[in-house]
Amino acid sequence: MRPSIDRPAWRMLLGYVKPHRRTVLFGGLFVLLGGLAAAAQPLAAKALVDRLGTGDSITGLLTLLIGLALAGAAIAMVGGYLLERAGESVVLVARNRLTRRLLSLRVPSVQRSEPGDLLSRFTSDTTLLREVCTNALVALVTGSVTSVVMVVMMGALDLVLFGVTLAVLLLVGLIAGAGMPMIERASRAAQVAVGETGARMERVLGAFRTVKAAGAETREIAAIERGTEDAWRAGVRSARWESVVHGSNTLAVQAAFLVVLGIGGARVTTGAMQLSTLVAFLLFLFYLTEPIGELLHAGSRLQIGLAAVRRLAEVEEMPAEFTGTTGPQPSTDGAALVFDEVRFRYGPELPEVLRGVSLEIPATGLTAFVGPSGAGKSTLFALLERFYEPSAGRILLDGRDLADWDLAGLRAGIGYVEQDAPLLSGTLRENLLYCRPDATEEDVRDAVTQARLDSLVDRLPDGLDTPVGHRGNFLSGGERQRVALARALIRRPRLLLLDEITSQLDAANELAIRDVVMTAAKTMTVLVVAHRLSTVTEADRIVVVDNGIVRAAGTHDELVGRDPLYAEFAATQLLTSGREE
Ligand SMILES: Nc1ncnc2c1ncn2[C@@H]1O[C@H](COP(=O)(O)OP(=O)(O)OP(=O)(O)O)[C@@H](O)[C@H]1O
Ligand SMILES: [Mg+2]
C-alpha cells in the first residue's frame, strides 16, 4: 500500500501542489465531510432498526437519514469540483514551469535531446499530474481517515467481527503493497515509450519530404508502431496490476461480508449479539469498500504521477544558461574581438574541433572566414553567441571576457544568420521582427529593400503578412537566406555574424547582398563565412581556418602569394564566381 519512497520526486510533487494548497485543503475537507456524512448513515440506520423494534415514531430519524444523504452528496460535489479545479491548476503550473525551464536550457543539452521526447514530457507527462496532485493526495488522506473512523466504530460494535475484518484488510494491504511498485514501473515504461514515439514522429514530420523521397514510409510506420506497441504493452501491464490491486479490495470485502454474515448470524441466534449491531456492522463493511477502494486508487494514481514527476525532474536537472545581469550595457559601436588560444570540443569524448585559435579582429570592418568544410568556422560563431563555452583559452569582446558579459546583453548586440537560415513558422513580418519586436515599419521596409526582398513581398498574396510555413518552407532557399539577413539587420547589431548567407543566391542577388554587407561593415563588425569568393576578396581581412586552427590571415592579395591553401581556394572559387558574374 505504501508508495515507494523517493524523497526528491515526492518533494517535487508536493511543490506542484503547494500554490493550490488552500483549494486542495478545502476541496479535501468537503470530500471528507461528505464521506463522514455517509459514514454516519449506518448509525442512523441502527437507531432506526432499534426504533422499529420499540414501535416508536421513526419520522425524525428518517428525516435525519435523508438529510445526511442529501447534505453528504452536496458537500462531496463541491469538494470534487474544487479538487478537479486544483488539478487543472497543477497541470498549468507544471506546464509553465517546464516551458520556462526548457527555454532556459543550454544549447548543447537541447541538441542532445530529442525534441519529440521533450514535447511528450510537456504535453503528456504534465497531464498525468492532474489527478495525482489533488484527487490522489486528498483521497489518500480522506480515504485513510474515513477507513480508520469506520474501523474504529466497527471495533466498538463487535470485537469478534472486527478481528475478521482486520484480517481481510491486512490481506488487501499485502496485495496492494506488491502491486504498487509494478504500477509505477509500468507507467514509467509507458511514458518513456510515448516519448520515444513522439521523437520518432517528430523526426518524420521534420523531414517529411526526405522521408517521401526515400520511400521510407513503410519503415517509418513500422518503427513508430513498434514504439506505440511498447507503450500499449506497458499500459496494459499497468492496467493489469491496477485491476489486481483494485479487484483484491472488492473480493476481500465480499469475502469478509459473507464471513461476517455467517459468524454474525450465529452470534445473533445465540444471543451474543443484537440483530441491529449485525446490520450496522454489515453496513459499515459495505461502506468500507469505498474508502479502501479510494485509498488503493489514490495509491496507484500516485505511482503514475511519481513516474511522470521523475520524467519532468530529468528536464529540471538539465543545465540551464546563466543569465545573471552583471555585464555593462553593450555600446552601439562595432565590437573588437580577440580569440586567445581558444580550444573547444563538442563533447568530452569527441575530438577537438578548435585547437588553439588566436585572432584579433578590430571594431568595424569586414572579416571573412574561409576554409574547408568541417574546419570549425561555424563553431567559432557558436562560441561568440555563447551557445558553447571554450574548453580552454578566452574570447574577449572589447577587452572583456565573453563569460563576463551579461548573456542577454551580449546576444542583443549580435546579429546572427545561421548557416541553414532557419525561419520560424508564422508570417514574414513576424520573422523579420523576431530579433527586435519594437522595430518600426520603416526599419522593416529598409531591411526588406536591403535584403532585396521587395519583389518577393510584392508577389506574396498578403505581402509581409503571408505565412512562411514550418521553418520557412513556403520560401525558396535563397529567399530564406535573405529573410534571415533582413532579420539580423533590423536588430542593428554591433557584431554581425553571417554564416554562408549567399550560398543559395543567384549572382545578381549575391552582388546586391555583398554591397549591403560592405555598407554594414562601415559601422559594425561583420564576420562572414563564405565559400563563394566575391565577398571574400573585398574583405578587410581574410582568415583561413583549417582543421581547427587559424592557418593564415591577411588581405586577399597577401594571402594569394603567401598561403597555398588560400591560393588554391581563390583559384577555384574565383573561377566559379567569375563565370557567374
Ligand atoms: N553539435 C555538434 N556536435 C558535435 N560535433 C559537431 C557539432 N557541430 C559541428 N560538429 C563538428 O565540428 C567540426 C566543425 O564543424 P563546423 O560546423 O564548425 O565546420 P565548418 O567549418 O562551419 O564547416 P562547413 O564549411 O561545412 O560549414 C565538424 O567536424 C563537425 O562534424
Ligand atoms: Mg559551417
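The following dialogue examines several assignments in a predicted model.

Trainee: What makes Asp398 partly exposed?

Mentor: Asp398 has 17 other C-beta atoms within 10 Å. A buried residue needs 20 or more and an exposed one has 12 or fewer, so Asp398 is classed as partly exposed. Asp398 lies in the loop between β4 (392-397) and β5 (400-401).

Trainee: How do you know that Arg471 is partly exposed?

Mentor: By the cut-offs of 20 or more for buried and 12 or fewer for exposed, the count for Arg471, 15 other C-beta atoms within 10 Å, places it in between. Arg471 is located in the loop between α14 (454-459) and α15.

Trainee: What is notable about the phi of Asp398 and of Arg471?

Mentor: Phi is near 50° in Asp398 and near 55° in Arg471. Most residues other than glycine have a negative phi. A positive phi, near 50°, is also found in Arg492, which follows α15.

Trainee: Why is α15 called largely enclosed by the rest of the structure?

Mentor: Of its 14 residues, 13 are buried, so the description applies to α15. Helix α15 covers residues 477-490 and reaches 20 Å from first C-alpha to last, close to the 20 Å expected.

Trainee: Why are β6 and strand β7 (residues 495-499) said to pair?

Mentor: Pairing requires at least two bridges. The two strands β6 and β7 share 4 bridges in the parallel sense, so the pairing criterion is met. Tyr416 stands opposite Leu497 in β7.

Trainee: Which way do the residues of β6 (residues 414-417) point?

Mentor: Ile414 and Tyr416 point one way, Gly415 and Val417 the other, and all are buried. In a regular strand the side chains alternate between the two faces of the sheet.

How values were computed
Residues are numbered from 1 along each chain as its sequence is written. Chains are lettered from A and ligands numbered from 1 in the order in which they are written. This is a predicted model: local features need pLDDT of at least 70, side-chain atom pairs count only at pLDDT 80 or more; totals for chains, interfaces and linings use all residues. The expected span of a helix is 1.5 Å times one less than its number of residues.
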